[in-house]
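This note sets out several points on side-chain packing for a colleague's consideration. Please read it alongside the sequence and the coordinates.

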Amino acid sequence: MNYPLSNNALQTLKMIMTWIKALLDLAYPRFCVVCGQKLSAQEEHICTLCLATLPRTNYHLHLENPMEEKFRGKIPLEKTAALYFYQKGNLSCNIIHQLKYKQQPEIGIFFGKIYALEILSSGFFNGIDYLMPVPLSTQRYKQRGYNQAEMIALGISKVINIPIAPPIIKRIHNNPTQTHKNRIERVLNTEHLFLAESTETLSYKHILLIDDVVTTGSTLTACASSLTNTPGIRFSILTLGYTL
């Protein structure tokens with residue numbers, strides 16, 4: 001039979017856990033994903049100063065914004081949101097870099113939670129039926145071991161309790177990296193990139209597409225376009241970064 005712990009036992013257990021965490025921080029120090037400074041015992045992935053000073057877009061507060069303009073007239077779009085402005089050379093670029101290339105999927109989950117908590121009271125998630133992370137190709141998934149967009153979606157789902165959509169979209173080829181391409185090359189690079197099958201479950205649903213960063217919007221547009229024949233489907237978009 002299990003008996004509940006007394007208040008004294010709970011306090012002792014909390015103290016022991018605090019000591020263990022402090023010892024682990026001494027043996028294996030953790031560093032801010034943005035500035036590289038050592039984190040305190042209360043901080044996770046990002047220091048308090050960097051979290052407070054991230055260049056936030058606040059796009060979730062405005063139906064019409066520069067991010068929405070990228071997709072206007074291309075897909076049946078309702079709302080857009082991005083946590084922060086992503087600009088080459090800025091320290092905040094380290095968030096996406098560590099998430100995608102340094103085998104730290106937990107960063108995606110963490111920032112998904114953080115962003116969901118930040119915008120929850122705005123009503124941004126009202127009416128959304130499914131979260132849909134942009135899929136990776138099979139080859140890239142094997143190389144990375146995880147889909148960074150899916151990690152972000154998992155973090156969001158933990159906060160708002162909206163399910164992740166069934167995996168009915170496939171990335172049918174591994175397009176070359178977009179990093180060094182201009183806008184026209186990025187669009188051409190994403191043509192016929194996704195294939196959707198058995199989309200009936202998404203009929204008349206509001207889908208929140210999720211990715212790590214948006215530049216031209218061509219990847220997200222291609223992903224949504226693979227579903228636009230689905231009756232009554234609507235989209236909103238959320239990313240961590242928005243490229244200036």
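The points below concern aromatic pairs, nonpolar cores and one helix contact.

1. The structure is a predicted model. Every remark that follows should be read as a description of that predicted model.

2. The aromatic pairs in the model number 5. In one of them, the ring centres of Tyr59 and Tyr242 lie 5.3 Å apart with the planes at 80 degrees; because planes over 60 degrees apart count as edge-to-face, this pair is so classified. The two residues belong to distant parts of the chain, being 183 residues apart: Tyr59 is in the loop between helix H2 (48–53) and helix H3 (66–71), and Tyr242 is in strand S6 (residues 234–243).

3. Both partners fall below the 20% cut-off for burial. Tyr59 has a relative accessible area of 8% and is therefore buried, and Tyr242, at 6%, is likewise buried. Ring pairs also join Tyr59 and Tyr242 with Phe85 in a cluster.

4. Phe124 and Phe125 form another edge-to-face pair, since their ring centres are 5.5 Å apart and their planes meet at 85 degrees. Phe124 is buried, at 2% relative accessible area, and Phe125 is buried at 6%. The ring of Phe124 has a further partner: the charged end of Lys79 sits over it, 5.2 Å from the ring centre.

5. The largest nonpolar core comprises 36 residues, and those with the most contacts inside it are Ile46, Phe111, Phe125, Ile156 and Leu238. At least two residues of this core come from each of strand S1 (77–86), helix H4 (93–101), helix H5 (105–119), helix H7 (148–160), strand S5 (206–214) and S6. H5 provides the largest share, 7 residues. Leaving aside residues up to four places away in sequence, Phe111 touches Val33, Ile46, Leu54, Leu83, Ile95 and Leu240.

6. A second core, separate from the one above, has 27 residues. Among them are Phe85, Met132, Leu220 and Ala222. Phe85 thus deserves attention on two counts, as a member of this core and of the ring cluster with Tyr59 and Tyr242.

7. How do H4 and H5 pack, and at what angle? Their axes are 7 Å apart and form an angle of about 130 degrees. The two helices are therefore oblique to each other. H4 contributes Ile95, Gln98 and Leu99 to the contact, while H5 contributes Pro105, Ile107, Gly108 and Phe111.

How values were computed: Residues are numbered from 1 along each chain as its sequence is written. This is a predicted model: local features need pLDDT of at least 70, side-chain atom pairs count only at pLDDT 80 or more; totals for chains, interfaces and linings use all residues. Side-chain values use heavy atoms; hydrogens and water are left out. Rings of Phe, Tyr and Trp (its six-membered ring) pair if their centres lie within 6.5 Å; planes under 30 degrees apart count as stacked, over 60 as edge-to-face and the rest as tilted. Helices (H or I, at least four residues) and strands (E, at least two) are DSSP runs, numbered from the N terminus. Buried means under 20% relative accessible area, exposed over 50%, partly exposed in between (1.4 Å probe, protein chains only). A charge sits over a ring if NZ of Lys or CZ of Arg is within 6 Å of the ring centre and within 35 degrees of the ring normal. A nonpolar core is a set of buried Ala, Val, Leu, Ile, Met, Phe, Trp, Tyr and Cys residues joined through side-chain atoms within 4.5 Å. Contact means heavy atoms within 4.5 Å. Axes are lines fitted to C-alpha atoms, for helices over the stretch in contact, and angles run from 0 to 180 degrees between N-to-C directions. Angles under 35 degrees count as roughly parallel, over 145 as roughly antiparallel, 65 to 115 as roughly perpendicular and the rest as oblique.
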